[in-house]
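Hi there,

Here is the structure I promised to send over. Have a look at it first, and my notes on what I found follow underneath.

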2 protein chains.
Amino acid sequence: MSTVYFTAASLDGFLATADHSLDWLLSQQIDPRGPLGYEAFSDGVGAMAMGANTYRWILDHHPWQYTVPAWVFTHREFPPPDGDVRFTADDVAAVHRAMAEAAGDGHVWLVGGGELVGRFADRRLLDEVVVGYAPVTLGSGAQLLPRRLDLELREVARNGAFLCGRYAVRR
Amino acid sequence: MSTVYFTAASLDGFLATADHSLDWLLSQQIDPRGPLGYEAFSDGVGAMAMGANTYRWILDHHPWQYTVPAWVFTHREFPPPDGDVRFTADDVAAVHRAMAEAAGDGHVWLVGGGELVGRFADRRLLDEVVVGYAPVTLGSGAQLLPRRLDLELREVARNGAFLCGRYAVRR
């Protein structure tokens, strides 16, 4: 079981524009079944965590499609969730224990945003980063991972318009 | 002849730490003769341009090793240069004309920083971006390319510790 930050970013390391838009990302070509794609990754996920902005974005754009338990780190109020969503403002280490237990043999997926993932990294709970760079620069926005970390490149791929890398976090 | 931003960055899109350190970068393994490496690229360079911070960094760390003419965009005073270095505060389009003429059949290399490269992009003078991502996140520092640009992925490679991509700028 690994705790994996699986995400996409602009070439200059942003997850979203300052006004939370992903239009620049969703217009890009990718094969979810291709190398380092979403399909193989998501098959191995047993629990997921995200921040309030990420959850808000999903609510605004999709029906809830996830079958594994999700923890949303937030101080905001949200409507009652459609799926197995647990709102929390607890310490990430305590939540991570619950997530790992729920995930069983599956991975813990850190969906975003960057500051939340950084809090897992601060507690040495982040094992891997998988990032797909979209062929776009944004110049500003939500940062990929606002921490000073050393990683190790494990796998490189091209998937459609994306330059993809898989990394282990060094401790 | 192309105008190419050939550079390295952290995974989160920084060229250097806020205090201009490249220690996190220079400690990484790379083969200059490997794919998307410096050697093949620099063989094709006929002129180069950089900002004052980049020039300052080179002066502080190396003897001047370049044989093609270099333009340094600066308002600062520097000591008389060791090589063919031309200090300028002119408009990038005017300087680009002089660089292209000097480069002949060679490429114009935009060394950095990001804001200077952005000024070339603003004038539609940036053709390609080649970026090698070092397996590090910095969290803050000098931005890779602080503009909103669309690019097209042309080539992907792994070179040592680096995830490398070559891009054409879309216009």
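Between chain B and chain A there are zero salt bridges. Please keep in mind that this is a predicted model. The contact itself draws on 34 residues from chain B and 34 residues from chain A. Together the two chains bury about 2,600 Å² between them, and carbon and sulfur atoms give 57% of that area. Of the area that chain B buries against chain A, 23% is supplied by L11(B), T137(B) and L163(B), more than any other three residues.

T137(B) turns up again in the sheets, where the chains share strands. Strand 8 (residues 136-137) of chain B pairs with strand 10 (residues 149-159) of chain A in the antiparallel sense, over two bridges. There, T137(B) stands opposite L149(A).

That pairing belongs to an open sheet of nine strands with mixed pairing, in the order 5(A)-4(A)-3(A)-6(A)-1(A)-7(A)-11(A)-10(A)-8(B). Its edge strands are strand 5 (85-88) of chain A and strand 8 of chain B, each of which pairs on one side only. If you want the general background, strands of a sheet pair through backbone hydrogen bonds, either parallel or antiparallel.

Both senses can be seen within this sheet. Strand 1 (residues 3-10) of chain A runs parallel to strand 7 (residues 128-134) of chain A, and seven bridges join the two. S10(A) stands opposite A134(A) in strand 7 of chain A. Strand 10 of chain A, on the other hand, runs antiparallel to strand 11 (residues 162-169) of chain A, with eight bridges joining them. These two strands form a hairpin with two residues between them, and G160(A) in the turn has a positive phi of about 60°. The bridge partner of N159(A) in strand 11 of chain A is F162(A).

There is a second open sheet to look at. Nine strands form it in the order 8(A)-10(B)-11(B)-7(B)-1(B)-6(B)-3(B)-4(B)-5(B), again with mixed pairing. Here the edge strands, each pairing on one side only, are strand 8 (136-137) of chain A and strand 5 (85-88) of chain B.

Inside that sheet, strand 3 (residues 45-51) of chain B pairs with strand 6 (residues 107-112) of chain B in the parallel sense, over five bridges. A49(B) has L110(B) in strand 6 of chain B as its bridge partner. Helix 3 (residues 52-61) of chain B lies across strand 3, strand 4 (70-73), strand 5 and strand 6 of chain B, and runs at about 105° to strand 3 of chain B.

Two residues in chain B are worth clicking on. T7(B) sits in strand 1 (residues 3-10) of chain B and is buried, with a relative accessible area of 15%. Leaving aside neighbours within four places in sequence, T7(B) is in contact with L15(B), V111(B), V130(B), V131(B), G132(B) and L144(B).

G132(B), one of those contacts, is in strand 7 (residues 128-134) of chain B. G132(B) is also buried, at a relative accessible area of 8%. Not counting residues up to four places away in sequence, G132(B) touches T7(B), A8(B), A9(B), F162(B), L163(B) and C164(B). G132(B) and L36(B) are 96 residues apart in sequence, while their C-alpha atoms are 8.2 Å apart in space.

As you may be wondering about the cysteines: the structure holds zero disulfides over all chains. Why is C164(A) not bonded to C164(B)? The closest cysteine sulfur to that of C164(A) is in C164(B), 14 Å away, and that is too far for a bond. As for their surroundings, C164(A) counts as buried at 4% relative accessibility, and C164(B) is buried with a relative accessible area of 4%.

Lastly, a note on helix 5 (residues 114-122) of chain B. Its buried residues include G114(B), L116(B), V117(B), G118(B), F120(B) and A121(B). This helix is followed by R124(B), whose phi is positive, near 60°.

Happy browsing, and do write back with any questions!

Best wishes

How values were computed
Residues are numbered from 1 along each chain as its sequence is written. Chains are lettered from A and ligands numbered from 1 in the order in which they are written. This is a predicted model: local features need pLDDT of at least 70, side-chain atom pairs count only at pLDDT 80 or more; totals for chains, interfaces and linings use all residues. Side-chain values use heavy atoms; hydrogens and water are left out. Two strands pair if DSSP finds at least two bridges between them. Helices (H or I, at least four residues) and strands (E, at least two) are DSSP runs, numbered from the N terminus. Contact means heavy atoms within 4.5 Å. Axes are lines fitted to C-alpha atoms, for helices over the stretch in contact, and angles run from 0 to 180 degrees between N-to-C directions. A disulfide is a pair of cysteine sulfur atoms within 2.5 Å. Buried means under 20% relative accessible area, exposed over 50%, partly exposed in between (1.4 Å probe, protein chains only). Buried area is the accessible area (1.4 Å probe) that two parts lose on being put together, summed over both. A salt bridge is a side-chain nitrogen of Lys or Arg within 4 Å of a carboxyl oxygen of Asp or Glu.
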